[in-house]
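Open the model in your viewer and keep the selection panel at hand. The tour goes from the whole chain to single residues.

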Amino acid sequence: MDETEFWELIDTTRAAAEGDPEEQADVLVDRLLQMDPELVLDFARHFEARYNRAYRWDLWGAAWVLLDGCSDDAFDFFRCWLIGQGREVFEGAVHEPDSLAELLDEFDDEIDGDGEELGYAADEAYEQLTGTVAPDLGIAPAPSEPEGAPVDFENEGKLAQRYPRLWERFRE
């Protein structure tokens, strides 16, 4: 599975789920179950590489503004959700986190921002296909700390200054 196929699978499952991240995870598992186990592992490698790439302080700050607070676990689930939004939103957010203000059409704080189940989809499909736990993916592990300069989550003035578009759209 190449990068284009990875993103096509993300896009088609999001569309089929009408944007609901839990439903998207279910649809994704169903689609992965139709593939060879090696392709499922390829998908998992693409997902994990992007998940690790999004482990950035500036993106965590954007999630903090968007979600009105964001714990360690919530940021993990946010990164899965962000991947589930597709290539344009993901790449835009990683490049310029404040651009999420324009990249997101709608945002329902009841369901959006949490894609925990998306993070488990490949593992679930692989286990169903093979009866075994997925092997090590053979990619570089996530960094122990987020990349970039830490963000002071408790200073609303600094958050508003650093993420002016997100702040205006989601906090005011």
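**Whole chain**

The accessible surface of the protein chain comes to about 8,900 Å², and 43% of this area belongs to carbon and sulfur atoms. Accessible areas come from the Shrake-Rupley method with a 1.4 Å probe, and for residues only the protein chains shown count as cover.

This is a predicted model, in which local features need pLDDT of at least 70 and side-chain atom pairs count only at pLDDT 80 or more, while totals for chains, interfaces and linings use all residues. Residues are numbered from 1 along each chain as its sequence is written, and side-chain values use heavy atoms, with hydrogens and water left out.

Colour by secondary structure. The protein chain has 10 helices and 0 strands, where helices (H or I, at least four residues) and strands (E, at least two) are DSSP runs numbered from the N terminus. Read from the N terminus, the order of elements is α-α-α-α-α-α-α-α-α-α. The radius of gyration is 16 Å, close to the 16 Å that the globule rule gives for 172 residues, so the protein chain is as compact as a globular protein of that length. The radius is taken over C-alpha atoms, and the rule is 2.2 Å times the number of residues to the power 0.38.

Show the C-alpha trace alone: along its principal axes it spans about 50 × 35 × 25 Å. Buried residues account for 44% of the 172 residues; buried means under 20% relative accessible area, exposed over 50%, and partly exposed in between (1.4 Å probe, protein chains only). Of the contacts (heavy atoms within 4.5 Å) between residues at least 6 apart in sequence, 72% join residues at least 24 apart.

Next, select the charged side chains. There are 13 positive and 45 negative ones, and the centres of the two sets lie 8 Å apart. Lys and Arg count as positive and Asp and Glu as negative, without His and the chain ends; each charge is placed at NZ of Lys, CZ of Arg, CG of Asp or CD of Glu.

**Stop 1: Phe43**

Select Phe43, in helix 3 (residues 37–53). Phe43 is buried, at 1% relative accessibility. Leaving out residues up to four places away in sequence, Phe43 touches Met1, Phe6, Leu9, Ile10, Leu28, Leu32 and Ala122. For a sense of scale, draw a C-alpha distance from Phe43 to Asp98: the two are 55 residues apart in sequence and 28 Å apart in space.

**Stop 2: helix 5, Cys80 and Arg79**

Go to helix 5 (72–84) and pick Cys80, which is found there. Cys80 counts as buried at 6% relative accessibility. What does Cys80 touch, not counting residues up to four places away in sequence? Its partners are Phe47, Tyr51, Gly115, Leu118 and Gly119. The C-alpha atoms of Cys80 and Phe47 are separated by 8.3 Å, with their positions 33 residues apart along the chain.

Arg79 also lies in helix 5. Is Arg79 buried or exposed? Arg79 is buried, with a relative accessible area of 2%. Its side chain is joined to that of Asp76 by a polar contact of 2.6 Å. A polar contact is a pair of N or O atoms within 3.5 Å; within protein, one must be able to donate a hydrogen and the other to accept it, and residues adjacent in sequence count only if both atoms are side-chain atoms. Beyond four places in sequence, Arg79 touches Tyr51, Asn52, Ala54 and Tyr55.

**Stop 3: Ala93**

Select Ala93 in helix 6 (residues 87–95). Ala93 is buried, at 0% relative accessibility. Apart from neighbours within four places in sequence, Ala93 is in contact with Leu59, Leu82, Ser99, Leu100 and Leu103. From Ala93 to Ala54 the C-alpha distance is 8.7 Å, at a sequence separation of 39 residues.

**Stop 4: Asp58**

Asp58 is in helix 4 (residues 57–67). Asp58 is buried, with a relative accessible area of 13%. A polar contact of 3.0 Å links the side chains of Asp58 and Arg56. Past four places in sequence, Asp58 touches Pro97, Val151, Arg162 and Tyr163.

**Stop 5: two loop residues**

Select Glu18, in the loop between helix 1 (3–16) and helix 2 (21–32). Phi of Glu18 is near 50°, a positive value in a residue other than glycine. Glu18 is exposed, at 75% relative accessible area.

Finish on Asp68, in the loop between helix 4 and helix 5. Asp68 has a positive phi of about 60° although it is not a glycine, and it counts as exposed at 56% relative accessibility.
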